[in-house]
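Reader: I would like to go through this model one helix pair at a time. Where should we begin?

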Amino acid sequence: MAYLFPPVVAVFALGLFWKRTTGTAAFAGLVLGHTVAIVTFCLTHFVEPNPIPIHFLHLAIIFFVVTLLLTMGVSYVTAPPTPDQVREHTWSPRFFDHGLPNLTKIPFYKDYRVQSAVVLALLGLIYIVHW
């Protein structure tokens, strides 16, 4: 999993939060990021002695950063998407404020922001307890 998911997460995060990301860059980032991950996997598992003595979790961070940089680089050399193409697919603060008037009419425990904060607090507590 540490070899396959970092490129996907990097491309997803860029596509969600950066309006300059293009479809071509996303595809190139996935292909190149997975190629780097597969080559590294083969080198670390099938070549003796191990030419890359790095723990696989550290490699996951490297794959994430490499894919992020590759996707950003390809995005800069390709034509940017039009504002209409990214308006509904890229996160914006207006999405947060969109349902705000309706949230004042519901109890606090039905507010998705309160629920999100509770989930994050519980995850943090679990993380601290099992440190």
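Author: With the pair α2 and α3, in what is a predicted model. The axes of these two helices cross at roughly 150 degrees. At their approach, the axes of α2 and α3 come within 8 Å.

Reader: Are α2 and α3 roughly parallel or roughly antiparallel to each other?

Author: The angle between the axes of α2 and α3 is roughly 150 degrees. Angles over 145 degrees count as roughly antiparallel. Therefore α2 and α3 are roughly antiparallel to each other.

Reader: Which residues of α3 make the contact with α2?

Author: From α2, the contact is made by T24, A25, A26, A28, G29, L32, G33, V36, A37, T40 and T44. Where α2 passes α3, the crossing is right-handed. The α3 side of the contact consists of L59, F63, V66, T67, L70, T71, V74 and S75.

Reader: How many charged residues does the contact of α2 with α3 have?

Author: By class, 11 residues of the contact of α2 with α3 are nonpolar. Another 8 are polar, with glycine counted in that class. The number of charged residues in this contact is none.

Reader: What is the distance between the end C-alpha atoms of α2?

Author: Helix α2 covers residues 23–46, which is 24 residues. At 1.5 Å a residue, α2 should span 34 Å. The distance found between its end C-alpha atoms agrees with this: 34 Å.

Reader: Against which helices do the buried residues of α2 pack?

Author: The buried residues of α2 are A25, A26, A28, G29, G33, H34, A37, T40 and T44. Buried here means under 20% relative accessible area. These residues pack against α1 (5–17) and α3 (56–77).

Reader: Is I38 in α2 buried or partly exposed?

Author: I38 has its place in helix α2. The C-alpha atoms of I38 and L4 are separated by 8.3 Å, with their positions 34 residues apart along the chain. With a relative accessible area of 48%, I38 is partly exposed.

Reader: Which residues of α2 make the contact with α1?

Author: The axes of α1 and α2 come within 9 Å and cross at roughly 160 degrees. The two helices are therefore roughly antiparallel to each other, and their crossing is right-handed. On the α1 side the contact is made by P7, V8 and V11, and on the α2 side by A26, G29, L30, G33 and H34.

Reader: How many polar residues are in the contact of α1 with α2?

Author: The contact of α1 with α2 has no charged residues. Its nonpolar residues number 5. The polar residues number 3.

Reader: What is the orientation of α1 and α3 to each other?

Author: α1 and α3 pack with their axes 8 Å apart, at an angle of about 40 degrees. Their crossing is right-handed. From the angle, α1 and α3 are therefore oblique to each other.

Reader: Which residues of α3 does α1 meet?

Author: On the α1 side are P6, P7, V9, A10, V11 and L14. The residues of the contact of α1 with α3 divide into 11 nonpolar, 2 polar and no charged. In α3, the residues met are A60, F63, F64, T67, L68, T71 and M72.

Reader: What is the relative accessible area of P7?

Author: P7 lies in helix α1. Leaving aside neighbours within four places in sequence, P7 is in contact with L30, G33, H34 and T67. P7 and L68, 61 residues apart in sequence, are 7.6 Å apart in space, C-alpha to C-alpha. P7 is buried, and its relative accessible area is 0%.

Reader: With which residues is T22 in contact, leaving aside its neighbours within four places in sequence?

Author: T22 has its place in the loop between α1 and α2. T22 is buried, with a relative accessible area of 9%. Its C-alpha atom and that of V86, 64 residues apart along the chain, are separated by 9.4 Å. The contacts of T22 are S75, T78, A79, P80 and P81.

Reader: Is the peptide bond from E48 to P49 cis or trans?

Author: P49 has its place in the loop between α2 and α3. Most peptide bonds are trans. The peptide bond from E48 to P49 has omega near -10 degrees and is cis.

Key
Residues numbered from 1 in each chain as written. Predicted model: local features only at pLDDT ≥ 70, side-chain atom pairs only at ≥ 80, totals over all residues. Heavy atoms only, no water. Helix = DSSP H or I, 4+ residues; strand = E, 2+ residues; numbered from the N terminus. Expected span 1.5 Å × (residues − 1). Buried < 20%, exposed > 50% of the residue type's maximum accessible area, 1.4 Å probe, protein only. Contact = heavy atoms within 4.5 Å. Axes fitted to C-alpha atoms, helices over the stretch in contact; angles between N-to-C directions. Parallel < 35°, antiparallel > 145°, perpendicular 65-115°, else oblique. Left-handed = near helix turned anticlockwise from the far one by under 90°.
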